[in-house]
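Open your viewer and get a selection box ready. We will go stop by stop, with something to pick at each one.

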Amino acid sequence: MFLIFASSAAALAVATPIHSAEITHASNAYVASYRTESTVHFREVESRFANRPSVPVCRWQAELVVNRDVAAQGRALAAVAKPIHRFAPLSGSHAGSCTAARGRIAAEIARHDSARSTDAITIARQDRAILVNELDGIHALSAKGAVTGG
């Protein structure tokens, strides 16, 4: 028996806004924006036997992450922009090419993301205290002169 694996990989990302909060801290106004981001990685594998036709299989894995972006006076504050939560990944496989299976995979991921949307919003709302602590740290450093440029 002769077996060869041929594979190709691709990725797809989709971001959806879920929550925003206005925070006043140390006489500055901040706007925190939260979004979920789904990233899907596709890998198409073909097993090839010497005496049979090849059969492609699409293997995929999706990750759902809650990201935070913060702006002060219309400018992004990169020091506190980051992923705040990663959900357990979702994975699966479909017989056939990844191109042919994308619609089914997208529907499965949409159901998964929808089922996690309430949790994602709760996580984003609970992040306020953590963000305020991070802003306290930045403010303490800038008050001591360790950080410049506001």
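A charge sits over a ring, in the sense used here, if NZ of Lys or CZ of Arg is within 6 Å of the ring centre and within 35 degrees of the ring normal. With that in hand, select Arg102 and Phe42: the charged end of Arg102 sits over the ring of Phe42, 4.2 Å from its centre.

A word on the ground rules before moving on. This is a predicted model, in which local features need pLDDT of at least 70 and side-chain atom pairs count only at pLDDT 80 or more, while totals for chains, interfaces and linings use all residues. Residues are numbered from 1 along each chain as its sequence is written, and side-chain values use heavy atoms, with hydrogens and water left out.

**The whole chain**

Switch to a cartoon view. You should find one helix and six strands, in the order β-β-β-β-β-β-α from the N terminus. Helices (H or I, at least four residues) and strands (E, at least two) are DSSP runs, numbered from the N terminus.

Now colour by accessibility. Buried means under 20% relative accessible area, exposed over 50%, and partly exposed in between, with a 1.4 Å probe and protein chains only. Of the 150 residues, 25% count as buried. The protein exposes about 9,200 Å², and carbon and sulfur atoms supply 54% of that area; the areas come from the Shrake-Rupley method with a 1.4 Å probe, and for residues only the protein chains shown count as cover.

If you draw a contact map, use heavy atoms within 4.5 Å as the criterion. Among contacts with a separation of 6 or more, 66% join residues 24 or more positions apart.

**The disulfide**

Next, select Cys58 and Cys98. What do Cys58 and Cys98 form? They form a disulfide, with their sulfur atoms 2.2 Å apart; the cut-off for such a pair of cysteine sulfur atoms is within 2.5 Å. Cys58 lies in strand 3 and Cys98 in helix 1 (residues 98-143), so the pair ties together parts that are 40 residues apart in sequence. Put a dihedral on the S-S bond and you should read 105°, a right-handed link. Both Cys58 and Cys98 are buried. A search of the whole structure finds one disulfide.

**Along strand 3**

Stay on strand 3 (residues 52-72) and select Arg68. Is Arg68 buried or exposed? Its relative accessibility is 0%, so Arg68 counts as buried. Show polar contacts, meaning pairs of N or O atoms within 3.5 Å; within protein, one must be able to donate a hydrogen and the other to accept it, and residues adjacent in sequence count only if both atoms are side-chain atoms. The side chain of Arg68 reaches the backbone oxygen of Val80 at 2.5 Å. Leaving out residues up to four places away in sequence, Arg68 touches a set that includes Ser33, Tyr34, Asp127 and Glu134.

Select Val66, also found in strand 3. Val66 has 0% relative accessibility and therefore counts as buried. Beyond four places in sequence, its contacts include Ile18, Thr36, Phe87 and Ala120. Try a distance label here: the C-alpha atoms of Val66 and Ala15 are separated by 9.4 Å, with their positions 51 residues apart along the chain.

From Val66, hop to its contact Thr36, which lies in strand 2. Thr36 counts as buried, at 12% relative accessibility. Among the residues that Thr36 touches, not counting those up to four places away, are Val14, Ala15, Leu64 and Ala120.

Return to strand 3 for Ala71. At 24% relative accessibility, Ala71 counts as partly exposed. Ala71 touches Ala29, Tyr30, Val31, Ala76 and Leu77, again setting aside residues up to four places away in sequence. The C-alpha atoms of Ala71 and Ala29, 42 residues apart along the chain, are separated by 8.6 Å.

**Two loop residues**

Finish with the backbone torsions. Most residues other than glycine have a negative phi. Select Ser27, which has a positive phi of about 60°. Ser27 lies in the loop between strand 1 (3-25) and strand 2 (28-49), and counts as exposed at 73% relative accessibility.

The last pick is Gln73, where phi is positive at about 55°. Gln73 sits in the loop between strand 3 and strand 4 (75-76), and is exposed, with a relative accessible area of 70%.
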